[in-house]
Amino acid sequence: MSAKDFYEILGCSEKATYEDLKSAFHKLILKSHPDKVHDSNKDADDFHEIQEAWTILSKPESRKLYDAERKQAKLEEESIVVLARITSDELYPKDEKFAYQCRCGSEYIIDNEDLKNNEQFYVACDECTFYILVQVNKNSLNLSSSASFGT
Ligand SMILES: [Zn+2]
């Protein structure tokens, strides 16, 4: 994943809707299309960046993944410590939710909704400053019955 900020490239906020992104993309692409710009390589680079940004952000799946990675990069900038990257298979059922043991002795509590709605997401520990990154394994995910989870 490149370090470039695709939202910045399109001049949109991370809350931008698909329609916002689309109209921003169309405006930018008209301005920077190589057929219209003859003077420098920089503009050709811009064109490719804009296309790359649009390719990622226009698809819900890749946008979600990109958002998660972008969030991770921001967390790292803020020196928040990601204790572990785990898959949902490593969670254990607890009180109709799922949990994962934190190093501090407390637990990360993971909602079924988060597992259903995300490819991957961060969970903060209530007791300390660690985070975990949970990657959801949809194949083994059985949210209708926590008891059979991960078996
Ligand atoms: Zn903790």
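Is E96 buried or exposed? E96 counts as exposed, because 9 other C-beta atoms lie within 10 Å, and a residue is called exposed if that number is 12 or fewer. This report describes a predicted model, beginning with its confidence and then turning to the sheet, the cores and some individual residues.

**Confidence of the model**

The average pLDDT of the protein is 85, and 84% of the residues score at least 70. Residues 144–151 have a pLDDT below 50, and this stretch makes eight contacts in the model beyond near neighbours in sequence. Where pLDDT is low, the predicted coordinates should not be read in detail.

**The sheet**

Strands in a sheet are paired by backbone hydrogen bonds, in a parallel or an antiparallel manner. In this model, an open sheet is built from three strands in the order 1-6-5, with mixed pairing. Strand 1 (81–87) and strand 5 (120–124) are the edge strands, and each of them pairs on one side only. From one strand to the next, the twist averages 25°.

Which two senses of pairing make up this mixture? Strand 5 and strand 6 (residues 130–135) run antiparallel and are joined by five bridges. Strand 1, by contrast, pairs with strand 6 in the parallel sense, over six bridges. The connection from strand 5 to strand 6 is a hairpin through five residues.

Individual bridge partners show how the strands are aligned. The table gives partners of three residues in strand 6.

| Residue | Partner in strand 6 |
|---|---|
| V82 | Y131 |
| V123 | I132 |
| Q120 | Q135 |

A helix also belongs to this part of the model. Helix 4 (residues 60–77) packs on the sheet and touches strand 1, strand 5 and strand 6; the direction of helix 4 makes about 35° with that of strand 5.

**The nonpolar cores**

The largest nonpolar core consists of twelve residues, among them L91, F98, Y100, Y108, V123 and I132. At least two residues of this core come from each of strand 3 (97–101), strand 4 (107–110) and strand 6. A second core, separate from this one, has ten residues, including F6, L21, F25 and L57.

Which residues does Y100 touch, apart from its neighbours within four places in sequence? Y100 is in contact with I86, E90, L91, E107, Y108, I110 and I132. Among these contacts of Y100, the residues L91, Y108, I110 and I132 are also members of the largest nonpolar core.

**The start of strand 1 and the loop before strand 3**

V81 is located in strand 1. With 12 other C-beta atoms within 10 Å, V81 is exposed. The C-alpha atoms of V81 and Y131 are separated by 6.1 Å, although the two residues lie 50 residues apart along the chain. Not counting residues up to four places away in sequence, V81 touches T129, F130 and Y131.

The final region is the loop between strand 2 (92–94) and strand 3, where D95 is found. E96 is placed in the loop between strand 2 and strand 3 as well. Most residues other than glycine have a negative phi. D95, however, is not a glycine and has a positive phi of about 45°. E96 likewise is not a glycine, and its phi is positive at about 65°. D95 counts as exposed because it has 8 C-beta neighbours inside 10 Å, and E96, described at the outset, is exposed with 9 other C-beta atoms within 10 Å.

Definitions and conventions: Residues numbered from 1 in each chain as written. Predicted model: local features only at pLDDT ≥ 70, side-chain atom pairs only at ≥ 80, totals over all residues. Pairing = 2+ DSSP bridges. Helix = DSSP H or I, 4+ residues; strand = E, 2+ residues; numbered from the N terminus. Axes fitted to C-alpha atoms, helices over the stretch in contact; angles between N-to-C directions. Contact = placed C-beta atoms within 7 Å. pLDDT = per-residue confidence, 0-100. Core = buried A, V, L, I, M, F, W, Y, C linked by C-beta atoms within 7 Å. Buried ≥ 20, exposed ≤ 12 C-beta atoms within 10 Å, placed from the backbone.
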